[in-house]
Amino acid sequence: MALIDDIQKTLKESGVGGWLFYDHHRRDPLAYRILRFDPGRTPTRRWFYFIPAAGEPVAIVHRIEPNMLNALPGKRREYASWQSMRQALQETLSTAGTIALQWSEHCAIPYVSLVDGGMVDLIRSLGVEIVSSADLVQFFEARWTDDQLAMHIEAGKRVDAVRRAAFTRISEALKSQTRIDEYQVAQLIREAFRADGLFTDHGPIVAVNANASNPHYEPDASLTSPVRPGDLVLIDMWAKLDKPDAVYYDITWTGYCGADIPSDIQNVFEIVAGARDAAVAFIQDGIRDNKDLRGFMVDDVARGHIREQEYEQYFVHRTGHSIGSDVHGTGANMDNLESHDTRRIIPRTCFSIEPGVYLERFGIRSEVNVYVGEREALVTGEKQEALLRL
């Protein structure tokens, strides 16, 4: 099986003795996606699948559900009692030394911290050293195919067109003195997504003034503010082609409802855009020069720029997140605030760069997507260079 060969090759290169997959009641969706199998039913008993760096994989299943891992290659071991389960694990892992597990120290990377603490205690009690599978997960889960990159680029073209139309609609309503509110704009965007063959599972964010200072604000029919002259409007929108294996495109733009932009709003926009551009340049230079880049390093660059302008206390989230078939993917996040993400930035992955400053009266965020190739990194869509005048 080519997948097993690829995993074993990567384990050897990483110096890890093996990768242990474990699940109960589908608590670890990564296991099924990475191993590319679906048992067809929810496991009601614990199963284990161990891929050593060398040698034959081992499946450990309960006697009540002996066929749970039949789709996977390797030897089979069955258990019934908890004692026999422990013995099977002991014998299977005894020579591995170090194993990777869907776990991260101090839950630093919650996307990967899926194995419960009790199971971690059990594995450690067998004399096995545990390391996080976070980098392995990224390698086998977060890298894009050429087709996925092409679908992302196409989604970007369609989403950017919807974004332009949404801001134009706001501008037209203001000029004609027609009432328009956040929820109406959000509905227009969702309708346009459906008409253009795009899918999203929630959103978008359309936020006016102080609402834009809530990074995850979403209007609904009962919670919406009108858009009026003198308002700042933030739109954060994400979607992917409505096709199998498609990946997301995710952007945030802001505009001011008037010709003369207040100096405080203009100043914050320039600070945020500067942080965004500094982070992108850091990535592009590092990839070109074949440097070892980590997620936390990128966050440090963007946050450092905002700190120099004395607005760091108003930048309350990470600089960026991995993007994949889920809008928040399983690759490296650009984060040294919410977590200390030490994962390497590897080729064929994509993530957002979206610094923000959130004041009491208004908030501004500017978001682009960055795709990393073998020796270059590129912004995959349009980039906002100036505040829109609506």
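In this predicted model, His-25 sits in the loop between strand E1 (18-23) and helix H2. His-25 is not a glycine, yet its phi is positive, at about 60°. Most residues other than glycine have a negative phi, and most peptide bonds are trans. A second exception to these habits concerns the peptide bond. Gly-203 and Pro-204 are joined by a cis peptide bond, with omega about 5°. Pro-204 also belongs to a loop, the one between strand E7 (198-199) and strand E8 (205-208).

The protein chain as a whole contains nine helices and 17 strands. Its C-alpha trace spans about 75 × 40 × 35 Å along the principal axes. The radius of gyration is 24 Å. A compact globule of 390 residues would have a value near 21 Å, so the two agree.

Two of the helices pack against each other. The axes of helix H6 (residues 146-175) and helix H7 (residues 182-195) come within 10 Å. They cross at roughly 150°, and the crossing is right-handed. On the H6 side, the contact is made by Val-159, Val-162, Ala-166, Arg-169 and Ile-170. These meet Val-185, Leu-188, Ile-189, Ala-192 and Phe-193 in H7. By class, the contact of H6 with H7 has nine nonpolar residues, no polar ones and one charged.

The surface was then examined for pockets. Rolling a probe the size of a water molecule over the atoms shows where empty space is left. The largest pocket has a volume of about 710 Å³. It is lined by 26 residues, and the closest to its centre are Phe-140, Glu-141, Ala-142, Arg-143 and Gln-148. Four elements each give two or more residues to this lining: helix H1 (2-14), helix H2 (29-35), helix H5 (134-142) and strand E11 (322-323). H5 gives the most, with four residues. The lining of the largest pocket is mixed in class, with nine nonpolar, nine polar and eight charged residues.

The second largest pocket has a volume of about 350 Å³. Its lining holds 19 residues. Closest to the centre of this pocket are Pro-215, His-216, His-321, His-328 and Glu-354. The lining of the second largest pocket divides into four nonpolar, seven polar and eight charged residues.

Note on methods. Residues numbered from 1 in each chain as written. Predicted model: local features only at pLDDT ≥ 70, side-chain atom pairs only at ≥ 80, totals over all residues. Heavy atoms only, no water. 1 Å grid on protein atoms, 1.4 Å probe; cavity = no way out; pocket = protein on both sides within 12 Å on 5 of 7 lines; lining within 4 Å. Points joined across faces, edges and corners; volume = space filled by probe spheres on them. Nonpolar A, V, L, I, M, F, W, Y, C, P; charged D, E, K, R; others polar. Axes fitted to C-alpha atoms, helices over the stretch in contact; angles between N-to-C directions. Left-handed = near helix turned anticlockwise from the far one by under 90°. Contact = heavy atoms within 4.5 Å. Rg over C-alpha atoms; globule rule 2.2 N^0.38 Å.
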